[in-house]
Amino acid sequence: MTSGQYNFARNLLFKLDAEDAHHLSLDLLRKSESLGLLKFLAGKTPPSQPVECMGLTFPNPVGLAAGLDKEGSTIDALGRLGFGSVEIGTITPKPQPGNPTPRLFRIIEEEAIINRMGFNNVGIQQGVANVRSSKTFKGIVGFNIGKNKVTPNENAVDDYLAALRGCWGVADYVTVNISSPNTPGLRDLQAADDTARLLEALKREQAHLTETTGTHMPIALKVAPDMGDEQIAELSRVFLNGGLDGLIATNTTISREPVLGKPFAQQAGGLSGKPVTQKSTEVIQAFYSHLDEQIPIIGVGGIMTADDAIEKLNAGAKLIQLYTGFIYHGPPLIHSILNKLAAR
């Protein structure tokens, strides 16, 4: 698929409501894959560029960030487009509808999206069933897990442990989402003491499950871009002391400074895309200055071009993930990044 072909399809989809376009796109991908058509539309398979990270071998360093395939029902099709890894979710222990609609907004001139989806998902049991039903994807599958909205923060660890147990042996790794701005109070769990307690409980359960099942599954945490140097330093100490396996930086921002005066800028939710590119890279660089190579970082946030991906890697990321850049630029962005990396 060329950029021109994708832009034509995108312009048609952008005439629809953002969430309707999202569901239609995933449905078309699934149907195209099941009919055997997607391999012709996707074009040449990118060459393998394996990367070792968290004890896993990723076929290439470009992954899909959580939030697009919330249910884990489109993995084969997304893999066909060139992703080396797909992170599904956010998945919670019990199904939940998320926030009222409309809850997804495009700021097209800024190549940005605001969402306040609120962890709408089918629950861990159905998510596991969906992933088990994938047939052709040979890459890495991550489960991004969160707490249910009705679960108070003081009981959040119970939800994370339930989700961890639920996907054990099905996911290749788990990402613990404590940074979405769309579940009330969730980001409070990023306080150093709260994060330390949560990480301790998760690592204890990880050790138990590894011993009883004979299968090991690394645990990553996903953090927000809206934190200062002091909080980054504190969390880095927590991660190093707690034995975190991987860090995903960053989630969406609650800042509106980059899009002031733009349509939908006043909408509540997390802002992603081009406006968060620089901030995300700065947070990666700041965490890397503390973590060095001891804890691998997966960089995500405003990767709209191959050069943006290179900057994330140069800042200290081991792998990168796409979300909003994929919405605006499609499969050609995956190929552009991989080609640029191959030429380095």
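Which residue in S12 does Ala-249 stand opposite? Keep that in mind while we walk around; you're looking at a predicted model.

**Stop 1: the barrel.** Start with the strands. Select S3, S4, S7, S8, S9, S10, S12 and S13, and you'll see 8 strands that close into a barrel in that order, with parallel pairing. From one strand to the next, the twist averages 25°. If you're wondering what holds neighbours like these together, strands of a sheet pair through backbone hydrogen bonds, either parallel or antiparallel.

**Stop 2: strand S10.** Now pick residues 246-249, which make up S10. Show the side chains: Gly-246 and Ile-248 point one way, while Leu-247 and Ala-249 point the other way. Whichever way they point, all of these residues are buried.

**Stop 3: the partners of S10.** Add S9, residues 219-223, to your selection; S9 runs parallel to S10, and 4 bridges join the two. Click on Val-223 and look across to S10, where its bridge partner is Ala-249. Next, add S12, residues 297-300, which is also parallel to S10 and is joined to it by 3 bridges. Here's the reply to our opening question: Ala-249 stands opposite Gly-299 in S12.

**Stop 4: over the helix.** How do you get from S9 to S10? Select helix H8, residues 229-242, along with both strands, and you have a right-handed β-α-β unit. Keep H8 on screen and bring in H9, residues 277-291: the axes of H8 and H9 come within 9 Å and cross at roughly 50°. That angle is why H8 and H9 count as oblique to each other. Their crossing is right-handed.

**Stop 5: another pair in the barrel.** Go back to the strands and select S7, residues 140-145, with S8, residues 173-177. These two run parallel and are joined by 4 bridges. For one pairing to click on, try Gly-142, whose bridge partner in S8 is Tyr-173.

**Stop 6: two cysteines.** Last, select Cys-53 and Cys-167. How many disulfides does the model have? The count is 0. To see why Cys-53 has no such bond, look for its closest cysteine sulfur: that one is in Cys-167, 17 Å away, and a disulfide needs the sulfur atoms within 2.5 Å. Both residues are tucked away from the surface: Cys-53 is buried, with a relative accessible area of 3%, and Cys-167 is buried too, at 0% relative accessibility.

Methods:
Residues numbered from 1 in each chain as written. Predicted model: local features only at pLDDT ≥ 70, side-chain atom pairs only at ≥ 80, totals over all residues. Heavy atoms only, no water. Buried < 20%, exposed > 50% of the residue type's maximum accessible area, 1.4 Å probe, protein only. Pairing = 2+ DSSP bridges. Right-handed = clockwise from strand over helix to strand, strands pointing away. Axes fitted to C-alpha atoms, helices over the stretch in contact; angles between N-to-C directions. Parallel < 35°, antiparallel > 145°, perpendicular 65-115°, else oblique. Left-handed = near helix turned anticlockwise from the far one by under 90°.
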